[in-house]
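Reader: I have just opened my first protein model and would like some help. Could you walk me through how to read it?

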Amino acid sequence: MRRTALLFVCALMALPGLAQTNLNGAGATFPNPMYSKWFSEYHKLHPDVQINYQAIGSGGGIRQVINGTVDFGATDGPMTDDMLKEAKFKILHMPTVLGADVPAYNVPGVSGELKFTPEALAGIFIGKITKWNDSAITGANPGVKLPDKDIVVNHRSDGSGTTYIWTDYLSKVSKEWESQVGRGTSVKWPVGLGGKGNEGVAGSIRQVPGSIGYIELIYAVQNNITYGLVKNSAGNFVKASLESVTAAAASSPDMPADFRVSITNAPGKNAYPISSFTWLLIPEQSKDPAKGKILADFLSWMVTDGQKMTEALSYAPLPAEVVKKEKEAIKQVH
């Protein structure tokens with residue numbers, strides 16, 4: 001018995017391959033359901049690799065990757081040139097999936113889907129349209145009885161890529177918004193109540209009659225939250241869906257070499273106008289070469305097998321031409 005036990009201990013000591021490599025990342029909440037699925041599936045394929053991810057918002061993800069406190073970050077709004085310069089090493093933007101922001105609302109007596117023009121959304125969020133029966137809203141919704149009730153605006157209080165997508169869109173469709181508020185993961189809101197995360201904004205909308213706010217498509221779908229159609233640049237009212245988000249990517253300008261692109265207010269007739277890519281922020285050279293090799297392998301898996309898992313979670317997969325470019329860019333990661 002003693003000899004058997006000794007042999008067992010020796011066998012365990014001879015298995016260094018059981019040691020696990022942990023990679024830590026943080027950032028965007030927008031793709032968190034997708035990332036959770038991917039990291040879990042990748043771990044099944046590579047039991048010796050554990051990828052941990054904290055959904056703390058794009059602003060936090062950018063900050064942590066710049067500071068080097070995580071192995072990778074994630075964002076729904078691309079880093080600015082100034083942010084990239086602040087980092088002491090080269091950071092690569094790697095597109096992962098496509099998603100969308102939707103206008104969610106709670107209007108007493110209205111259960112159907114409302115239609116919103118760009119002018120109405122900009123007017124509501126800048127504080128100029130304050131009643132649900134304003135002509136800017138009723139004009140797009142003939143036959144819908146909208147109440148003479150105050151509009152309660154809800155927005156994110158934390159640094160958020162969801163906010164970047166929303167404000168990027170408003171900046172494109174409203175010169176007033178662009179000059180007075182602008183785009184960013186955090187902005188100085190003219191009006192409204194702040195909520196942390198999609199859950200905070202959605203919770204406030206549910207609790208306060210007359211509310212409107214922006215949340216991620218995946219969050220609205222998973223939680224059965226009512227959201228409206230938005231008029232696109234071609235003049236069509238479009239509901240956010242896998243198809244309309246894909247149409248936005250397909251009709252947008254060619255992807256630049258560094259993958260930092262905005263596809264809000266895309267020109268396609270079927271394009272949902274508040275769509276966006278989301279990105280992983282990957283150091284070109286990791287502090288630990290072993291981790292760099294794992295990140296490169298994960299990215300290669302993500303743009304191939306990983307893309308087959310997107311639609312089940314209401315994300316649109318990357319266009320084929322983006323995947324082709326990204327496979328080349330992944331070769332830089334080490």
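**Reading the model step by step**

Author: Happily! This is a predicted model, and its pLDDT averages 92 over the protein, with 95% of the residues scoring at least 70.

Reader: Over which residues does pLDDT stay under 50?

Author: pLDDT is the predictor's confidence in each residue. Here, residues 7-17 stay under 50, and for that stretch the model has one contact beyond four places in sequence.

Reader: Thanks! Let's turn to strands. How many residues of strand E8 are buried?

Author: A residue counts as buried when its relative accessible area is under 20%. In strand E8, residues 211-216, six of the six residues are buried, so the strand is largely enclosed by the rest of the structure. Look at the two directions as well: Ser-211, Gly-213 and Ile-215 point one way, while Ile-212, Tyr-214 and Glu-216 point the other, and all are buried.

Reader: Which way do E4 and E8 run, parallel or antiparallel?

Author: Strand pairing is read from the bridges between two strands. Strand E4 (residues 91-106) and E8 are antiparallel, joined by six bridges. You can find one of these partnerships at Asn-106, whose bridge partner in E8 is Ser-211. E6 also pairs with E8, this time in parallel and through three bridges. There, Val-153 stands opposite Ile-212 of E8.

Reader: What is the order of the strands in the open sheet of three?

Author: The order is E5-E9-E10, and the pairing is mixed. Strand E5 (115-116) and strand E10 (237-238) are the edge strands, each pairing on one side only. Two bridges join E5 to strand E9 (residues 229-231) in the parallel sense. To locate that pairing, find Lys-115, which stands opposite Leu-229 in E9.

Reader: Now for side chains. How many salt bridges does the structure hold?

Author: For a salt bridge, look for a side-chain nitrogen of Lys or Arg within 4 Å of a carboxyl oxygen of Asp or Glu. The structure holds 17 of them. One of them joins Lys-131 and Asp-150, with 2.8 Å from N to O. This pair links distant parts of the chain, 19 residues apart: Lys-131 is in the loop between helix H5 (118-126) and helix H6 (135-138), and Asp-150 is in the loop between H6 and strand E6 (152-156). Lys-131 is partly exposed at 30% relative accessibility, and Asp-150 is partly exposed too, at 46%.

Reader: What separates the closest N and O atoms of Asp-305 and Lys-308?

Author: They are 3.4 Å apart, and the two residues form a salt bridge. Asp-305 counts as partly exposed at 37% relative accessibility. Lys-308, with a relative accessible area of 67%, is exposed, because the cut-off for that word is over 50%.

Reader: Which residues are joined into one network by salt bridges that share partners?

Author: Asp-168, Lys-175, Glu-178 and Arg-183. Within that group, the side chains of Glu-178 and Arg-183 meet at 3.9 Å, N to O. Glu-178 is partly exposed at 33%, and Arg-183 is partly exposed at 36%.

Reader: And the rings? How many aromatic pairs are there?

Author: The count comes to 19 aromatic pairs. In one of them, the ring centres of Tyr-53 and Phe-72 are 6.3 Å apart and the planes lie at 5°, so this pair is stacked. Tyr-53 belongs to strand E2 (residues 49-55) and Phe-72 to strand E3 (residues 72-75), so the pair ties together parts 19 residues apart in sequence. Both Tyr-53 and Phe-72 are buried. They also belong to one aromatic cluster that includes Tyr-35, Trp-38, Phe-39, Tyr-42, Phe-298 and Trp-301.

Reader: Which residue has its charged end over the ring of Tyr-227?

Author: Lys-239 does, with its charged end 5.0 Å from the ring centre.

Reader: Last one: where does Asn-265 lie?

Author: Find the loop between helix H11 (242-251) and strand E11 (275-283). Asn-265 has a positive phi of about 55° although it is not a glycine, and it is partly exposed, with a relative accessible area of 23%. Ser-314 has a positive phi as well, near 70°, and sits in the loop between helix H12 (289-302) and helix H13 (320-330).

Methods: Residues numbered from 1 in each chain as written. Predicted model: local features only at pLDDT ≥ 70, side-chain atom pairs only at ≥ 80, totals over all residues. Heavy atoms only, no water. Helix = DSSP H or I, 4+ residues; strand = E, 2+ residues; numbered from the N terminus. Buried < 20%, exposed > 50% of the residue type's maximum accessible area, 1.4 Å probe, protein only. Phe/Tyr/Trp six-rings, centres within 6.5 Å; stacked < 30°, edge-to-face > 60°. Lys NZ or Arg CZ within 6 Å of the ring centre and 35° of its normal. pLDDT = per-residue confidence, 0-100. Contact = heavy atoms within 4.5 Å.
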